[in-house]
Amino acid sequence: MRRDSRKILIRAAILVPMMLAMALIIKPITSKAWSWYKPWTWPVYETVKYTVSDWIWEPSEGCPMDDELMARVKVDGEDGAKDFYSQTPIAWNYAVARALEGKRVHVKLEADWNARTEDMRSQYPSPVEGGHGSDRKWLILHKYDMGADMERKDIPYLNSSSDKEVDCFQDGAIFVPENCDITIDLNGQMISRKAYDQFIADGEIFYVSNGATLTIVDSNPNYKHPYGSSNIYGGVIKEGSSSNGAGAIQIKDGAKVYIEGGNFLWNSSSNDGGAIKIDGSRAELHVSETTFRENRAATGTIERNYGGAIAGYDATMELRSIHFLENKADNRGGALFNKSGMLSLIDCRFDKNEVSNDYGGAAYLSSSKDDPTMLLEQNEFNKNSAGKHGGAIYFDTAGNVDAYGTKVKANSAGINGGGIYVNGKGVCLCDAEVKDNSSFDNGAGIYVDSIEDLNVMGKVVVTDNTEYTRGTKWHYVDNVCLQNGNASVAYLNNGGLSVGSKIGVNSTDRASDNGILVVKNISEFAAKEYFFADIPGEKIKFEGDHNETASFTASMIGGNAGVLIVLGSVAVLMFAFAVVLFIRKRKGAVDETEK
């Protein structure tokens, strides 16, 4: 027995340390919450106790200024501005901590911020969570490696000393807490979550909470990133992917976001807003000099995939000098979706954006009668496409829309409105050019829905738009098509067309002998000068006394016969009166001679 006891003790002395060592190795793995029965949860790591001095330096402390420098943090406080340097992305934790103290904080990137990824095979992979086919894998997204999971008490300037993590993340997203005012300077660098098309719950890159302000700028717009056979210049925010909207930035009600410069690339959502989603009447988004490229609100698990780049609900959005390029949505707004709120869209360019199923290849714009006037100024729409209506723009409006200097060229629609689809009153096109668009049904240039109207003013040119017939080689000139419904018809309303305007018109009721009621508030001269029938021989009518006028193709004599008859009669009478006066005068002269 003694010998057996000795053997047991010897074995225990060997096995127990080995088991402890294995536990130390296995614990971090098991803490990643591997489970066959639960949806994937974010990995949990052991807290590493560091103080902020291990990560943040003041310039006077001799921070090593080498390639490992990650970020600089400038804090604007009562004691003036002060800079801190960091060799890890823990700078974000530090910035949030200072912002929670009411300080304005500026974070300047010195290197890319990339989320680590780790592939792990799952017995029951979800098609939404990542991967395809029999080799699908879970994609684990770590929290950007922004340093250790520090505790509040480890970082100065936090009010609480409780044993809680710093409020820097929202289920993995970079978190901007309430009442914080933080500026990030991309400095030409990248922030990447490496999750494109994974559609993960809370998979956005930034989460901006109620009352928070986030400003994103790019002080190094010439920094070059290889992109296929070309380059992308400036800072990049890319590869966020969320199943609850906003692949890159989620903006909650009461939050404000300002973006100047940079690129949003390859962000995706299986809900609304491939790159940005903003929701709430107190929320604001101001963007300028920025490119949104290849973002998607598509291939999701729900039907509502709106706004390939940006989706806004009831919010204030000011979008200036933005390039929307090759963004895509399944249902509405290939690049931009807006429902209610206040929208200003100025000097923006939409190229090759797409809605695969429904409406608004580049933009779907909706408003209610109580919304402020929607302003569109000096925007261009080129080569966008929609599966159904509105190859470039779909207007679904009950309020007013003022569109100045709009150019709509080479867009296409699977059904109606190759360039623009108007489904609502109050839309005004001023100084617009709509050319070379196409559709497979009505209104290759512009389609105006029944009971609605379209206001035109300034120099408006709608020509050279083509309707194609499916399965045949037939095509027709189809510029502005006015729907002729059972109860009423659509019409154009002249708000003051100017010299150079040229608008081709037709109607869905092409077999009617009644003609097309084209324009209200227009003189016959202006109608003949600025409008023409898309279909030869089609009659075009005008409001009021002009209803009985013949077609636009009437000659000068035919069209103005009444006027010419009156003028001719007056001329004849004047001539006769002159002859009578001449005869009387001559007779009087003869009488005087005889005397």
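**Close-up views of a predicted model**

**Figure 1. A salt-bridge network around glutamate 380.** Glutamate 380 has a relative accessible area of 28% and is therefore partly exposed. The model shown here, and in every view that follows, is a predicted one. The side chain of glutamate 380 meets that of arginine 349 in a salt bridge, with a distance of 2.8 Å from N to O. This pair links distant parts of the chain, since arginine 349 belongs to strand β32 (residues 349–351) and glutamate 380 to strand β36 (residues 380–382), 31 residues apart. Salt bridges with shared partners bring Asp351 together with Arg349 and Glu380 in one network. Arginine 349, like its partner, counts as partly exposed, in its case at 36% relative accessibility. Side chains of opposite charge can pair in this way when their charged atoms come close.

**Figure 2. A salt bridge between two loops.** Aspartate 253 and arginine 282 form a salt bridge in which the closest N and O atoms are 3.6 Å apart. Here too the pair links distant parts of the chain: aspartate 253 sits in the loop between β18 (249–251) and β19 (256–260), whereas arginine 282 sits in the loop between β22 (276–279) and β23 (284–288), and the two are 29 residues apart. Aspartate 253 is partly exposed, with 27% of relative accessible area, and arginine 282 is also counted as partly exposed, at 49% relative accessibility. A search of the whole structure finds 11 salt bridges.

**Figure 3. A salt bridge between arginine 293 and glutamate 294.** In this view, arginine 293 forms a salt bridge with glutamate 294, and the closest N and O atoms of the two residues are 3.7 Å apart. Arginine 293 has a relative accessible area of 22% and is partly exposed; glutamate 294 is partly exposed as well, with a relative accessible area of 22%.

**Figure 4. A negative and a nonpolar surface patch.** Glu260, Glu289, Asp347 and Glu377 form a negative patch on the surface. Of these residues, glutamate 260 is placed in strand β19, and its 48% relative accessibility makes it partly exposed. A nonpolar surface patch, of about 510 Å², is made by Ile10, Ile14, Leu15, Met18 and Met19. Methionine 18 is found in helix α1 (residues 2–30) and counts as partly exposed, with 46% relative accessibility. In an α-helix there are 3.6 residues a turn, so residues three or four places apart point the same way.

**Figure 5. Helix α2 and its buried residues.** Of the 10 residues of helix α2 (residues 91–100), 9 are buried, so the helix is largely enclosed by the rest of the structure. The buried residues of α2 are Ala91, Trp92, Asn93, Tyr94, Ala95, Val96, Ala97, Arg98 and Ala99. After α2 comes glycine 102, whose phi is positive, near 85°.

**Figure 6. Strand β47 and its parallel partners.** Because 5 of the 6 residues of strand β47 (residues 453–458) are buried, this strand is largely enclosed by the rest of the structure. Strand β43 (residues 427–430) is joined to β47 by 4 bridges, and the two run parallel; in this pairing, leucine 429 stands opposite valine 456 of β47. Strand β52 (residues 491–497) is joined to β47 by 5 bridges and also runs parallel to it, with glycine 458 standing opposite leucine 497 in β52. Strands of a sheet pair through backbone hydrogen bonds, either parallel or antiparallel.

**Figure 7. An open sheet of 10 strands and its edge at β50.** The strands of this open sheet follow the order β17-β21-β25-β29-β33-β37-β41-β45-β49-β50, and their pairing is mixed. The edge strands, β17 (241–242) and β50 (475–477), each pair on one side only. At the β50 edge, 3 bridges connect that strand to β49 (residues 466–468), and the two run antiparallel. Within this pair, tyrosine 468 stands opposite histidine 475 in β50.

**Figure 8. Glutamate 178 and threonine 213.** Glutamate 178 is located in the loop between β9 (173–176) and β10 (181–185), where it counts as partly exposed at 49% relative accessibility. Although glutamate 178 and threonine 213 are 35 residues apart along the chain, their C-alpha atoms are separated by 8.4 Å.

Terms used. Residues are numbered from 1 along each chain as its sequence is written. This is a predicted model: local features need pLDDT of at least 70, side-chain atom pairs count only at pLDDT 80 or more; totals for chains, interfaces and linings use all residues. Side-chain values use heavy atoms; hydrogens and water are left out. Two strands pair if DSSP finds at least two bridges between them. A salt bridge is a side-chain nitrogen of Lys or Arg within 4 Å of a carboxyl oxygen of Asp or Glu. Buried means under 20% relative accessible area, exposed over 50%, partly exposed in between (1.4 Å probe, protein chains only). Patches are made of residues with over 30% relative accessible area and no salt bridge: like charges are joined within 9 Å, nonpolar side chains (Val, Leu, Ile, Met, Phe, Trp, Tyr) within 5 Å. Accessible areas come from the Shrake-Rupley method with a 1.4 Å probe; for residues, only the protein chains shown count as cover. Lys and Arg count as positive and Asp and Glu as negative; His and the chain ends are not counted. The place of a charge is taken as NZ of Lys, CZ of Arg, CG of Asp or CD of Glu.
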